[in-house]
Amino acid sequence: MSQDQTVSAPYFDEQLTDLREVLTSDSASKGMVEQSIATFAGQKEKLAEACPMDWVWRQRRAWT
């Protein structure tokens with residue numbers, strides 16, 4: 001996934017739309033679908049937060 005909201009937001013919108021359609025048609029898996037919707041909505045909200053990468057040019061960090 002990209003941190004760029006313009007690029008990633010449509011993906012999240014598509015997933016949320018599909019999940020909401022399943023929610024209305026299949027009540028047996030309602031809890032799981034609601035949890036998935038909450039997860040995708042939360043991840044989409046994080047796209048608005050800047051992901052600072054300026055440290056890359058100033059310091060070395062171990063891969064692990």
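Start with helix α1, residues 5–25 of this predicted model. The helix has 21 residues. At 1.5 Å a residue, α1 should span 30 Å, and its end C-alpha atoms are 30 Å apart, so the expected span and the model agree.

Now look at how α1 is covered. Ser8, Ala9, Phe12, Leu16 and Leu19 are buried in this helix. Seen down the axis of α1, the buried residues fall within an arc of 105°, so they line one face of the helix. What do the buried residues of α1 pack against? Their partner is α2, residues 30–46. The face of α1 turned away from the buried side has another character: Thr6, Val7, Thr24 and Ser25 are exposed there.

Move on to α2. Glu34 sits in this helix. Is Glu34 buried or exposed? Neither label fits, because its relative accessibility is 39% and partly exposed covers values between the 20% limit for buried and the 50% limit for exposed. Glu34 also gives a distance to check. Asp4 lies 30 residues from Glu34 along the chain, and the C-alpha atoms of the two are separated by 25 Å.

Next comes the segment after α2, where Trp57 is placed. Its relative accessible area is 75%. Exposed means over 50%, so Trp57 counts as exposed. Which residues make the nonpolar surface patch? Trp57 contributes, together with Met53 and Val56. The patch has an area of about 380 Å².

Technical notes:
Residues numbered from 1 in each chain as written. Predicted model: local features only at pLDDT ≥ 70, side-chain atom pairs only at ≥ 80, totals over all residues. Heavy atoms only, no water. Helix = DSSP H or I, 4+ residues; strand = E, 2+ residues; numbered from the N terminus. Expected span 1.5 Å × (residues − 1). Buried < 20%, exposed > 50% of the residue type's maximum accessible area, 1.4 Å probe, protein only. Arc of directions from axis to C-beta. Contact = heavy atoms within 4.5 Å. Patch = residues over 30% accessible without salt bridge, like charges linked within 9 Å, V, L, I, M, F, W, Y side chains within 5 Å. Areas by Shrake-Rupley, 256 points an atom, 1.4 Å probe, with all protein chains shown as cover. Salt bridge = Lys/Arg side-chain N within 4 Å of Asp/Glu carboxyl O.
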